[in-house]
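Please walk me through this structure, looking at its aromatic rings and at the empty space enclosed within it.

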Amino acid sequence: MNQTERIAQLEDEVRELKAQLYATSEEFEASNEELDKFKTQLEQMVELKTTELTARQEELEKLNRHQEVFIKVMQILQLEEDVSKGMNITLEIIGNYTRVSRVQIFENNTDGTTYSCRYEWCSEGIDPIIHFSQNLPLKYGKPWFDLLYANNIICTSDIYSLAPEIYEMLDRQYVKAILALPMSMYGTHFGFIIFTVCNDKTWDEKEVELLTNISQVFSNIIRRQQVETAMSLSQQTMRTVLDNINTKIFVAEYESSKILFANNTFRQEAGEDVEGKLCWQSLKSGLKGPCEKCPRLNLIDSNGLPTGVHYWEDYNPNTKRWYFIMNTAIKWVNGQLAVMELSTDITERKLNEIELVRAREKAEESDKLKSAFLANMSHEIRTPINGILGFLRFVANDDLSNERKQDYLNIINNSAIQLVQLIDDIIDVAKIEARQMNMFPVPVDVNKLMNELQIYYESFLQSKNKIHIMLILDDSGFIDNCIALVDPIRLRQVFNNLMGNAVKYTDKGYIRFGYRQTTPDKLEFVVEDTGIGIEENKHKVIFKRFRQAENHFRGGTGLGLNIAQSLVQMMGGNIWVESKIDEGSAFYFDVLFVPVNKEDVVV
Ligand code: ADP
């Protein structure tokens, strides 16, 4: 092929290629347009999806915020030990979050007729009304409760849509929107939670859901609080009763007798750490086993069923007290068999019973003694009276010599003295009994009194034909110028009784009397004789009224020592005897010694 032909061929090829290129470019343009359309469509779709996504995201964010609030509320309520504090904090969080004006929790009171606001939170500028919302009568809130409990929720942004009696109430508080939820458990309503708003507010569905959930939590807490309060109140009541009852109460395991519970009265005696100890060990020391009379084995029957209450009385040598005890088998709180014991102190009653028996015995004895005394007395009175009357008759006889007459007159005189003495004794006993015996203490020269007694009793011994008995005034313990403030008549009377007895019951030997100072404020007197003596077991009884040693009879009324004892006690002292049968007796008595100046001596 020549060059021209080659060029022509190339030109054809170029033309061909151009035509091909043109066709592709047209195609290309067409596809470009298609692409643009598609792109626009895609962009529109993306925009729609983005808007949708943004909305979803906002919704999610809102939900997240709600959840965060819910979690925060739950955390606070769980972690805060002070429940009331926790409630108040969470109310504030919710109030601020939902931008309401006031959140209140009302609960029904235990009286069943009123309700009170228990918790309240107010936003800034809103005055609290909790103080005016206490003990409101349930009946006044009836329309409100009816609506709330019927619908289980009151949620409105327009209170005027509610019944007039309700919106009037809310209107007074400038409320425009409310959300109220009942608090209830197992179908029982015990209060409600109310969110009030004083400006325009639209309740969001999710917000209502959040508040409903939180309200449910509050509701549970309030219920728990109510139950706990009721339980602790009833526990306190039980404790107070158990601890203040004047009866010891304990519960012990049936098998082991280990104490499971003890009330305060029991613990006071057995110790605070008594739980876990064996009941019989905690009550009585030294016991090697349960109390002898313990009815434990009889408290249940052969089927292991309680047989009822068993009563018994017991004396506790540790406390030295008597108890009336009640035992019964019970099922303890953990289901195990236990013994409950209630013991009441009956010591006073027991003592009264013993006292009554003693008093009866004493009354019977004193009745016997009085009869004996009367019999004795009539003899005692009759003897001097007979003496007086009999010898008066003799004296009237003109034939009598003057000497004989004088003898008879002496007998009459002595009988009269004896009679007067007896009557005096009876009067003294009566006076002492009626507490009408008074002391008239004056300064007395005791040494002088002793000397006078010696002179008197020397002649007395003579008159009794007992001149052979030596009368010794023992002045070894005398104090110089011993001036005491005593009743001289009564002091002399005590001496007369003791000296009279000494003379009466002594036939040989001596009678010694005197005094000594035993303590700075006591003078101790003694009258000792070598007479018949008194058996040891009579040393106390002879001071009792109408009581005599009974191993002899030498006349007398059995009143002398008793009167002496009463008088000595009135002078601030005691009287006692040391004596051996057939050897003699020494009567001692002491009196209060109040020294005074010699110049003041009256007697
Ligand atoms: P009574 O009038 O019987 O002597 P008292 O009360 O003076 O009454 O004495 C009570 C009893 O005490 C007397 O009956 C007597 O048994 C006994 N007694 C009192 N003093 C003496 C004494 N010095 N020696 C022996 N027995 C005495």
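**Rings, charges and cavities**

In this predicted model, Lys350 lies over the face of Trp322, at a distance of 4.4 Å from the ring centre. A second arrangement of this kind involves Arg223, which is placed over the face of Phe190 at 5.1 Å from the centre of the ring.

From charges over rings we can turn to rings beside rings. A pair of aromatic rings is described by the distance of the centres and the angle of the planes. Across the whole structure, a search finds 26 aromatic pairs. In one of them, formed by Phe106 and Tyr115, the ring centres are 5.8 Å apart and the planes meet at 55 degrees, so the pair is tilted, given that edge-to-face requires an angle over 60 degrees and stacked one under 30. Phe106 and Tyr115 are both buried, and they belong to a cluster in which ring pairs link them with Trp144, Phe145, Tyr149 and Phe192.

The remaining topic is enclosed space. Rolling a probe the size of a water molecule over the atoms shows where empty space is left. Here the count comes to 2 cavities of 30 Å³ or more, and the largest cavity has a volume of about 130 Å³. Its lining consists of 15 residues, of which Phe250, Ser257, Cys279, Cys294 and Glu341 are the closest to the centre of the cavity. Strand S7 (247-253), helix H7 (279-283) and strand S11 (337-345) each contribute at least two residues to the lining of the largest cavity, and by residue class this lining divides into 10 nonpolar, 2 polar and 3 charged residues.

Definitions and conventions: Residues numbered from 1 in each chain as written. Predicted model: local features only at pLDDT ≥ 70, side-chain atom pairs only at ≥ 80, totals over all residues. Heavy atoms only, no water. 1 Å grid on protein atoms, 1.4 Å probe; cavity = no way out; pocket = protein on both sides within 12 Å on 5 of 7 lines; lining within 4 Å. Points joined across faces, edges and corners; volume = space filled by probe spheres on them. Helix = DSSP H or I, 4+ residues; strand = E, 2+ residues; numbered from the N terminus. Nonpolar A, V, L, I, M, F, W, Y, C, P; charged D, E, K, R; others polar. Phe/Tyr/Trp six-rings, centres within 6.5 Å; stacked < 30°, edge-to-face > 60°. Buried < 20%, exposed > 50% of the residue type's maximum accessible area, 1.4 Å probe, protein only. Lys NZ or Arg CZ within 6 Å of the ring centre and 35° of its normal.
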